[in-house]
Amino acid sequence: MMKRLGLIGYPVEHSLSPAFQQAALDALGIPAHYELWPTPPAELSTRIATLREPNVVGANVTVPHKEAVTRFVDSLAPRALRAGAVNTIVVRSTGLHGDNTDIPGFLFPLTRRGFPIGDLRVVLLGAGGAARAVVVAFADHRCRSLVIANRSLARAQALVAEFGLGRALPLGTELLPELATADLLVNATSVGWDGHSSPIPLEWLDVLPSHALVYDLTYRQTPLLAAAHARGLATLDGLEMLVAQGAESFRLWFQMDPPYELMLRAATDARARRFGTNG
Ligand code: NDP
């Protein structure tokens with residue numbers, strides 16, 4: 001009997017997850033289909049109830065449901081509890097288990113490149129859901145310093161207070177001295193998706209140390225990444241994080257090592273089909 005998995009969100013049509021999850025399932029000969037499950041907020045509880053049907057292995061959860069879904073699962077992994085958000089549901093004999101693989105997914109591309117997480121001076125732009133996963137990652141693994149800069153200062157301050165980590169700043173010129181000593185600049189705002197906008201003026205990148213890495217969680221090319229690259233800085237977009245969080249979901253669903261490289265190739269191809277060669 002064909003098993004079923006899917007992505008719960010609204011909208012989900014743009015997602016690259018089916019491409020790389022199905023590639024992994026097919027490569028390992030697992031008889032399962034990864035589907036798109038578009039779910040308006042009013043239908044979330046009904047959708048979650050369908051996960052209890054036979055043959056469903058689990059689900060990924062994306063915008064706008066990551067926080068709301070914590071109320072509908074039967075148990076939560078400690079990191080999902082800390083993040084207050086679930087991006088992975090695993091169907092267990094004991095019920096629906098919620099986990100958050102965005103946290104290891106964010107760290108994976110950094111550790112894979114040998115970045116010494118504990119030594120990093122980090123400037124994080126954003127204080128929404130993705131930024132929260134980043135803060136949990138650094139709260140668990142401890143970086144040298146963390147500045148959380150957000151358009152709405154109160155949201156950044158709330159994160160600092162909740163996790164007892166870092167300092168909060170607005171997205172203003174107060175950031176320039178922080179950028180001047182940063183090893184890692186992370187964009188976890190939703191600004192840049194359109195290919196035209198940037199969360200900070202691009203000339204601010206001039207003050208970054210030459211060894212700094214600019215990591216934009218957007219999984220396509222953004223003006224921030226293009227400007228960093230033009231300045232000779234190392235850059236990383238969000239595709240590896242996307243695949244890494246999905247690979248960790250796969251590990252939780254099937255309790256086997258995910259074929260990460262194959263998944264990354266499938267995601268890269270799917271992105272090229274959607275956005276053009278460099279995203
Ligand atoms: P949220 O809606 O939760 O947060 C959005 C963030 O962007 C907030 O900090 C918000 O600031 C800020 N923002 C929005 N508009 C502006 C603006 N015009 N100027 C300045 N700041 C702005 O979104 P998410 O955290 O869920 O997602 C953020 C990004 O991360 C998205 O691009 C998403 O695709 C990406 N992402 C990537 C993942 C991956 O696997 N690669 C995983 C998850 C997310 P304010 O608080 O002031 O509104």
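**Exercise 1. Find the residue just after α4 that takes a positive phi, and describe the burial and packing of the helix.**

Step 1. Just after α4, it is Gly-114 that takes a positive phi, of about 80°; helices here are DSSP runs of H or I with at least four residues, strands are E runs of at least two, and both are numbered from the N terminus. This is a predicted model, in which local features need pLDDT of at least 70 and side-chain atom pairs count only at pLDDT 80 or more, while totals for chains, interfaces and linings use all residues. Residues are numbered from 1 along each chain as its sequence is written, and side-chain values use heavy atoms, with hydrogens and water left out.

Step 2. Helix α4 covers residues 102–112, and its buried residues are Asp-102, Ile-103, Gly-105, Phe-106, Leu-107, Pro-109 and Leu-110; buried means under 20% relative accessible area, exposed over 50%, and partly exposed in between, with a 1.4 Å probe and protein chains only.

Step 3. Those buried residues pack against α3 (78–83), α5, β10 (184–187), β11 (213–216), β12 (234–236) and α9, where contact means heavy atoms within 4.5 Å.

**Exercise 2. Work out the strand order of the parallel open sheet that α4 lies across.**

Step 1. The order is β9-β8-β7-β10-β11-β12, six strands with parallel pairing; two strands pair if DSSP finds at least two bridges between them. At the edges stand β9 (167–170) and β12, each of which pairs on one side only, and the twist from one strand to the next averages 20°.

Step 2. Strand β7 (residues 121–125) is joined to β8 by 5 bridges, with Val-123 opposite Val-147, and to β10 by 4 bridges, with Leu-124 opposite Val-186. In β8 (residues 145–150), 5 of the 6 residues are buried.

Step 3. Helix α4 lies across β10, β11 and β12 and runs at about 150° to β11; such angles run from 0 to 180 degrees between N-to-C directions, with axes fitted as lines to C-alpha atoms, for helices over the stretch in contact.

**Exercise 3. Identify the edge strands of the sheet with mixed pairing, and the helices that pack on this sheet.**

Step 1. This open sheet of 6 strands has the order β2-β1-β3-β5-β6-β4. Because β2 (32–38) and β4 each have a single partner strand, they stand at the edges, and one side of each is left without a neighbour in the sheet.

Step 2. Helix α1 (residues 17–27) touches β1, β2 and β3, and its direction makes about 165° with that of β2. Helix α9 (residues 239–254) lies across β1, β2, β3, β5 (88–92) and β6 (95–99), at about 155° to β3.

**Exercise 4. Locate Lys-66 and relate this residue to the largest pocket.**

Step 1. Lys-66 is in the loop between β3 (56–61) and β4 (75–76); the unreviewed UniProt entry places the feature "active site" there, although such annotations may be inferred rather than shown by experiment.

Step 2. With a relative accessible area of 24%, Lys-66 is partly exposed. Leaving aside neighbours within four places in sequence, its contacts include Gly-84, Asn-87 and Asp-102.

Step 3. The largest pocket is lined by 46 residues, and Lys-66 is among those that lie nearest its centre, together with Val-63, Ala-130, Ser-190 and Trp-193. On a 1 Å grid over the protein atoms alone, a pocket is an open set of points where a 1.4 Å probe fits, with protein on both sides within 12 Å along at least five of seven lines, and lining residues have an atom within 4 Å of a point.

Step 4. To this lining α5 gives the most, with 4 residues.
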